[in-house]
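Subject: Structure for you, with notes on its salt bridges

Hello,

Here is the structure I promised to pass on. Please open it first, then read my notes on the charged side chains below.

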Amino acid sequence: QVQLVESGGGLVQPGGSLRLSCAASGIIFSSNAMGWFRQAPGKQRESVATITSGGSTNYANSGKGRFTISRDNAKNTVYLQMNSLKPEDTAVYYCNVVSWVLSGYGYWGQGTQVTVSS
């Protein structure tokens, strides 16, 4: 049974930091590129950062220099370290298998809410 369980969100002041985690099960985690995505109220879901099975990373312009994606294949977990958070980073954050997103597979976890506000 496939499961992606996101955690680590919360309320943080502008300029603050959060570290999101996503635990995956039911997939061959180490073989898959993983990504973090987010959806703000009234907006479409967008890609934030991706990491290949080999550890190569890619970031959306919105997070470059502030966000870092990483993975621990031994723990089947992908992380998103977010620094210098801005109010516009407020969204529900999801992780997913990149190939599933590209193919429209349609599975999404419950996400984790990140709210940046003073």
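D89 and R38 form a salt bridge, with their closest N and O atoms 3.0 Å apart. This pair ties together distant parts of the chain. D89 sits in the loop between β8 (77–82) and β9 (91–97). R38 lies in strand β4 (residues 34–39). The two are 51 residues apart. Both side chains belong to buried residues. Keep in mind that this is a predicted model.

D89 has a second partner. Its side chain also meets R66 in a salt bridge, at 2.7 Å from N to O. Again, distant parts of the chain are linked: R66 is in the loop between β6 (57–59) and β7 (67–72), 23 residues from D89.

How buried are D89 and R66? The cut-off for buried is under 20% relative accessible area. D89 has 1%, so D89 counts as buried. R66 has 10%, so R66 counts as buried too.

Salt bridges with shared partners join R38, E46, R66 and D89 into one network.

E46 enters through R38. Those two form a salt bridge, and their closest N and O atoms are 2.7 Å apart. Here the two ends contrast in exposure. E46 is partly exposed, at 36% relative accessible area. R38 is buried, at 6%.

In total, the count comes to 3 salt bridges.

Best wishes

Technical notes
Residues are numbered from 1 along each chain as its sequence is written. This is a predicted model: local features need pLDDT of at least 70, side-chain atom pairs count only at pLDDT 80 or more; totals for chains, interfaces and linings use all residues. Side-chain values use heavy atoms; hydrogens and water are left out. A salt bridge is a side-chain nitrogen of Lys or Arg within 4 Å of a carboxyl oxygen of Asp or Glu. Buried means under 20% relative accessible area, exposed over 50%, partly exposed in between (1.4 Å probe, protein chains only). Helices (H or I, at least four residues) and strands (E, at least two) are DSSP runs, numbered from the N terminus.
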